[in-house]
Amino acid sequence: MSDKKIENPSPLRLRLDSEALVSNWQALDQLSGAATAGAAIKANGYGLGAEPVSRLLQAAGCKDFYVANWQEASEIEAILPTDVLVSVLNGVREEDMTYAVQSRAKPVLNSIEQFQRWQQTGRVCDIMVNSGMNRLGINLDELKKIDVSTLQVDIVMSHLASADEDTKQNAEQLAQYQAALTMITGRRKSLCNSAGIALGADYHFDCTRPGLSLYGGIPRPVLAGKIKQVVFPETQILQCRSLQTGDKLGYNAKYVADRQHDIAILAMGYADGYLRGFSNRGYFLYQGHKLPVLGRVSMDLIAVDISQASSLREGDWLSAEYELPIAAQQSGLSQYELITGLGHRYTRNWS
Ligand SMILES: *Cc1c(COP(=O)(O)O)cnc(C)c1O
């Protein structure tokens with residue numbers, strides 16, 4: 001037996017548009033006004049691949065990257081030039097310290113405990129202030145307990161909970177953040193995620209932290225037309241068949257044919273992040289035709305109606321309709337879940 005590894009071509013692929021990714025970052029950088037846009041690339045670049053995303057964006061001029069934890073930092077810190085900064089949003093646990101003190105990434109300190117843990121290193125860090133989301137971050141009344149002169153603080157940041165909605169919580173958080181800035185200073189200030197950027201100049205400060213919209217997400221209507229689709233899931237037809245009137249399809253017979261027509265069975269399913277919310281609601285695209293998903297999405301298989309595209313055969317490729325606001329409406333998933341859940345069975349092809 002030869003020990004040469006034979007690669008078997010996957011029946012699923014993600015077509016990833018690098019031009020659209022870069023154009024989205026540039027648009028968000030422009031929309032950030034006087035502030036400069038960084039890039040949130042946690043969760044493996046929201047499922048697209050942290051390494052290619054960070055390479056493409058740093059080549060376009062992005063100088064700040066945000067990951068969730070030190071494992072994610074370790075995957076990208078070696079490939080980025082030294083003038084590019086990496087922030088670890090989930091902060092620094094005791095278990096992270098050995099790695100963290102020799103890493104070029106900096107922790108975002110979220111609590112007094114983390115502040116004390118990092119203080120002894122004298123190294124650079126960011127600080128997260130809790131302005132009302134009550135997730136991570138130091139409360140305003142605790143800020144007086146920390147002496148930032150003992151540390152090199154780069155970004156003093158906070159995070160908006162509802163920037164995708166028109167709610168007074170946005171202005172309330174802005175006011176809390178501004179109050180915090182009178183108590184604590186760093187080199188730079190940052191408040192906005194993707195949706196926050198669209199709230200206007202008062203929210204921009206020095207640097208912004210878009211994630212979702214880099215990858216085609218549209219959390220506020222004003223971003224439509226400026227943000228392009230980046231992720232295009234595609235899959236191959238495994239089998240075509242004809243249904244007769246009354247034939248039942250798939251698990252629990254959630255589709256019953258009301259006429260004689262052809263269907264195709266696709267090599268994709270909920271294990272690939274195409275979750276069951278798309279059952280009887282999603283579409284696949286082929287040469288301008290919209291082919292409806294029929295019945296329940298299985299783990300590894302999906303059925304689509306190919307009445308409008310009768311030339312389709314086993315082995316042909318179809319694209320899922322995956323413009324994120326549309327796919328979110330069809331499936332009931334968030335735009336975030338739609339991309340971070342895409343899984344390992346796709347080959348990821350950047351064009
Ligand atoms: C994930 C995250 C972002 C990016 O948010 P999007 O809504 O994806 O643009 C920015 N800042 C923090 C602290 C985050 O956790």
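I'm calling a residue near the ligand if one of its heavy atoms lies within 4 Å of it. With that, I looked up the neighbours: 14 residues surround the ligand, and Lys 42, Tyr 46, Ser 194, Leu 212 and Tyr 336 come nearest.

Note to self: this is a predicted model, where local features need pLDDT of at least 70, side-chain atom pairs count only at pLDDT 80 or more, and totals for chains, interfaces and linings use all residues. Numbering runs from 1 along each chain as its sequence is written, and side-chain values use heavy atoms, leaving out hydrogens and water.

Next I checked polar contacts (pairs of N or O atoms within 3.5 Å). Tyr 46 has a side-chain N or O atom 2.5 Å from a ligand oxygen. For Ser 194 I got 2.6 Å, again from a side-chain N or O atom to an oxygen of the ligand. A polar side-chain atom of Lys 42 sits 2.7 Å from a ligand oxygen. The ligand alone exposes 380 Å², and the protein buries 94% of that (Shrake-Rupley method, 1.4 Å probe).

Then I sorted the shell around the ligand by class: 7 residues are nonpolar, 4 polar and 3 charged. Here Asp, Glu, Lys and Arg count as charged, Ala, Val, Leu, Ile, Met, Phe, Trp, Tyr, Cys and Pro as nonpolar, and the others, Gly among them, as polar.

How values were computed. Polar contact = N/O pair within 3.5 Å; in protein donor to acceptor, adjacent residues only side chain to side chain.
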